[in-house]
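This report describes the fold elements, aromatic contacts and cysteines of one protein. The sequence and structure are shown first, and the description follows.

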Amino acid sequence: ARCKTTDQRLKSKALLTRKLWLLSPSPHLETPRLATTFRFTSSVQYWPPDRIMRPTKAALLVIDVQYDFLDGGSLQVVGSTGIVPVINRIRGCFPLVVFTRDNHPSNHCSFAKNHPGKQEFEQVKIDDREQTLWPAHCVQGTHGCELHSDLVIDSSDWMFHKGENAAVECYSAFKDENGHDTGLAGRLKEAGVSTIFVCGVALDVCVKGTAVDGAASGFEVFFVEDASKGISPEGTSRAMKAMEESGVRLVASEQVPSLLGCE
């Protein structure tokens, strides 16, 4: 059962949106469009609902569910399209849903094609940090940059763009690889959010980075494992360990209604 009727949920979201846009606009946020098992086995134990304090105000962060990262994309995570119905199933429990998008210019520093003589997936140094060179992906204005069309998206959802600076990589939704704040944490806190649930792709890159940085920013963070997909089992295992060590709590989608009281 759903915690509210659709009309009630949309009305509450509309009120939240009106309050939000009284705040100064963020250059990364845009007006959203209207929406027209592999389970990794590890030693990590899910937190049962009766051991987690119910969050006061929670947001769902859906990370980079874009065509270039999904099956058949230029930087595909194999099997990732299967997370879309899981995300749609849990989103109704949240007063706020944030969709993030990689939104790269064509000359982005992470693209192998912009480094003559280098190959995709090679490592190079940029500003004294290691950078993996990726196939061109999520280029502004292309189909690959778009969110999957089967995602349920409401008019009150937030869209958050990252990776628009050609000179620096940005995996996490909260800060780029040079440590610069994206502004998302501040906007969430201004909207009264204290708890975030994170899901999407790729689990072992942008999802992990967002979850870990969210915890460092003072949020209570839950990672929804079966609403996410990693590049490899090994990378998934390392990412889940890193998240757990950062205080992120690992949950399954079936636990979300209990945690949020919308059973």
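## Parallel strands and their crossovers

Strands β7 and β8 pair in the parallel sense, with five bridges between them. One position in this pairing is given by G200, whose bridge partner in β8 is S228. Between the two strands the chain passes through helix α4 (residues 203–216), and this β-α-β crossover from β7 to β8 is right-handed. The model discussed here is a predicted one.

Strand β8 also pairs with strand β9 (residues 249–251), again in the parallel sense, over three bridges. Here F222 has R249 as its bridge partner in β9. The connection from β8 to β9 runs through helix α5 (residues 233–245), and this β-α-β crossover is right-handed. Strand β8 is mostly covered, since eight of its nine residues are buried.

## Overall composition

The protein contains six helices and nine strands. Of its 263 residues, 53% are buried. The accessible surface amounts to about 12,100 Å², and carbon and sulfur atoms account for 52% of that area.

## Aromatic pairs

Four aromatic pairs are present in the structure. One of them joins F121 and W134 in an edge-to-face arrangement, with 6.0 Å from centre to centre and 85° between the planes. F121 is located in the loop between β3 (96–102) and β4 (123–126), and W134 in the loop between β5 (129–132) and β6 (158–162), so the pair ties together parts that lie 13 residues apart in sequence. The two partners can also be described by their accessibility. F121 counts as partly exposed, because its relative accessibility of 47% falls between the limits of 20% and 50%. W134 is buried, with a relative accessible area of 14%.

A further pair, formed by F197 and F222, is stacked: the ring centres are 4.6 Å apart and the planes differ by 20°. This pair links distant parts of the chain, with F197 in strand β7 (residues 195–200) and F222 in strand β8 (residues 220–228), 25 residues apart. F197 counts as buried, at 0% relative accessibility, and F222 is buried with a relative accessible area of 0%. Together with F94, the residues F197 and F222 form one aromatic cluster. The stacked contact thus accompanies the backbone pairing of β7 and β8, which is parallel over five bridges.

## Charges over rings

Two contacts between a charged side chain and an aromatic ring can be described. The charged end of R187 sits over the ring of W158, at 5.9 Å from the ring centre. K189 lies over the face of F219, 5.2 Å from the centre of that ring.

## The disulfide

A search of the whole structure finds one disulfide. This disulfide joins C93 to C262, with an S to S distance of 1.8 Å. The link of C93 and C262 is right-handed, with 85° about the S-S bond. It connects distant parts of the chain: C93 lies in the loop between α2 (84–90) and β3, whereas C262 lies in the segment after α6 (256–260), 169 residues apart. A disulfide is a covalent bond between the sulfur atoms of two cysteines.

Both ends of the link are covered. C93 counts as buried at 16% relative accessibility, and C262 is buried with a relative accessible area of 2%.

## Cysteines without a bond

Why is C138 not bonded to C145, which holds the closest cysteine sulfur? The sulfur of C138 is 5.5 Å from the one in C145, which is too far for a bond because a disulfide requires sulfur atoms within 2.5 Å. C138 is buried, with a relative accessible area of 0%.

The sulfur of C170 is likewise too far for a bond, because the closest cysteine sulfur, in C206, is 8.0 Å away. C170 is buried, with a relative accessible area of 5%.

Technical notes:
Residues are numbered from 1 along each chain as its sequence is written. This is a predicted model: local features need pLDDT of at least 70, side-chain atom pairs count only at pLDDT 80 or more; totals for chains, interfaces and linings use all residues. Side-chain values use heavy atoms; hydrogens and water are left out. Rings of Phe, Tyr and Trp (its six-membered ring) pair if their centres lie within 6.5 Å; planes under 30 degrees apart count as stacked, over 60 as edge-to-face and the rest as tilted. Helices (H or I, at least four residues) and strands (E, at least two) are DSSP runs, numbered from the N terminus. Buried means under 20% relative accessible area, exposed over 50%, partly exposed in between (1.4 Å probe, protein chains only). A charge sits over a ring if NZ of Lys or CZ of Arg is within 6 Å of the ring centre and within 35 degrees of the ring normal. Accessible areas come from the Shrake-Rupley method with a 1.4 Å probe; for residues, only the protein chains shown count as cover. Two strands pair if DSSP finds at least two bridges between them. A crossover is right-handed if, with the strands pointing away from the viewer, the path from the first strand over the helix to the second runs clockwise.
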